[in-house]
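Please open the model in a viewer and keep the sequence panel at hand. The tour below proceeds by selection, with a note on what is found at each stop.

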Amino acid sequence: MNDLSHLVFLKDQQAVTTSLQIAAAFDKQHKDVLEAIRDKISTAENSALLEMFYEDSYTAKNGKQNKMYYMNRDGFTFIAMGFTGKKADNFKLKYISAFNQMENSIRGQAQLPMTPQQKLELLLQNVGASNKKVDELDQRLTEIEDNAPLSSSDYSYLSRRINQRVGEVGRGFGRLSPKQRGQLFKDINQGIKQVSGVDTRSQLRDKHYKTVIDFINDWEPSTATKTILRQFVAEAE
């Protein structure tokens, strides 16, 4: 098991961490973490939130006494939920594991197993509980990633690439009217909805981006659309 004691430790029979450790772990300025905590406390409408944090001080390298906060698991959760990114998510998993280890240790001190069988059962329970928490968080992170919206720049690029591809294909049919070009746009948009599984282009998500780009690059209009365009061209002649 990894040593996570530098993240979470025991204080007054409670598993806690500090604003200093949060700042170091998530690569944040300590003043920014303090500000986030104060914002939570200042807007608290429930006394339970105030019990999650305890203000204290520490001695800086220059000898000055600076403010800091202790926080329990719930306090950590309130602050860390605002940190995003893959690196932040990895540290959230480590902190969850660290809190689990410390809280399991506290419970174990209350009733220590005596026999080898009891020790083995406790070990398996702790491992199972930690794995379940990590699995649940992994599942939530996966759901968040799957529903991540397409960025405005990626959406704009898709729109430009659709216009370019329609223009490339359209040149093979000669000079097309707006109505004829509309047939091509209808065809390519139907294909995009089919390969991505969405009803409208505005529902596209970040996970669809590569699939849709590959489709646009390879797209050719259906036989039915080609036939309709040829009929338009023939009628125009």
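Buried here means under 20% relative accessible area, and exposed means over 50%. By that criterion His30, Val33, Leu34 and Ile37 are buried in helix α2; the tour of this predicted model returns to them after a general view.

**The whole chain**

Display the protein as a cartoon. Its secondary structure amounts to 10 helices and 4 strands, and the order along the sequence is β-β-α-α-α-β-β-α-α-α-α-α-α-α. Colouring by accessibility shows the buried fraction, which is 34% of the 237 residues. Among contacts with a separation of 6 or more, 63% join residues 24 or more positions apart.

**Aspartate 27**

Select aspartate 27, in the loop between α1 and α2. Is this residue buried or exposed? Its relative accessibility is 61%, so aspartate 27 counts as exposed. Its backbone also deserves inspection: although aspartate 27 is not a glycine, its phi is positive, at about 55°. For context, most residues other than glycine have a negative phi.

**Helix α2**

Next select residues 30-42, which form α2. For these 13 residues, a rise of 1.5 Å a residue predicts a span of 18 Å, and the end C-alpha atoms are indeed 18 Å apart. Now show the side chains of His30, Val33, Leu34 and Ile37, the buried residues of α2. Viewed down the helix axis, the buried residues of α2 occupy an arc of 100°, so they line one face. An α-helix has 3.6 residues a turn, so residues three or four places apart point the same way. Which elements does the buried side of α2 meet? Its buried residues pack against α1 (19-25), β3 (53-59), β4 (65-71) and α4 (73-80). Rotate to the other side of α2 to find Lys31 and Ser42, both exposed.

**Helix α8**

Move on to α8, residues 178-196. This helix has 19 residues and reaches 27 Å from first to last C-alpha, close to the 27 Å expected. Highlight its buried residues: Gln180, Leu184, Asp187, Ile188, Gly191, Ile192 and Ser196. Down the axis of α8 they fall within an arc of 150°, so they too line one face of their helix. The face turned away from that buried side bears Pro178, Lys179, Lys186 and Gln194, which are exposed. Just after α8, select glycine 197, where phi is positive at about 80°.

**The packing of α8 and α9**

Add α9, residues 209-218, to the selection. Two packed helices are described by the angle between their axes and the distance between the axes. For α8 and α9 the angle is about 145° and the axes are 10 Å apart. The crossing is right-handed. On the α8 side the contact is made by Ile188, Gly191, Ile192, Val195 and Ser196, and on the α9 side by Thr211, Val212, Phe215 and Ile216. By class, this contact comprises 6 nonpolar, 3 polar and no charged residues.

**Phenylalanine 232**

Finally, select phenylalanine 232 in helix α10, residues 223-236. Which residues does phenylalanine 232 contact, leaving aside neighbours within four places in sequence? They are Lys179, Gln180 and Gln183. The pair formed by phenylalanine 232 and glutamine 180 is worth marking with a distance label: the two are 52 residues apart in sequence, while their C-alpha atoms are 7.4 Å apart in space. Glutamine 180 was met above among the buried residues of α8.

Technical notes
Residues numbered from 1 in each chain as written. Predicted model: local features only at pLDDT ≥ 70, side-chain atom pairs only at ≥ 80, totals over all residues. Heavy atoms only, no water. Helix = DSSP H or I, 4+ residues; strand = E, 2+ residues; numbered from the N terminus. Contact = heavy atoms within 4.5 Å. Expected span 1.5 Å × (residues − 1). Buried < 20%, exposed > 50% of the residue type's maximum accessible area, 1.4 Å probe, protein only. Arc of directions from axis to C-beta. Axes fitted to C-alpha atoms, helices over the stretch in contact; angles between N-to-C directions. Left-handed = near helix turned anticlockwise from the far one by under 90°. Nonpolar A, V, L, I, M, F, W, Y, C, P; charged D, E, K, R; others polar.
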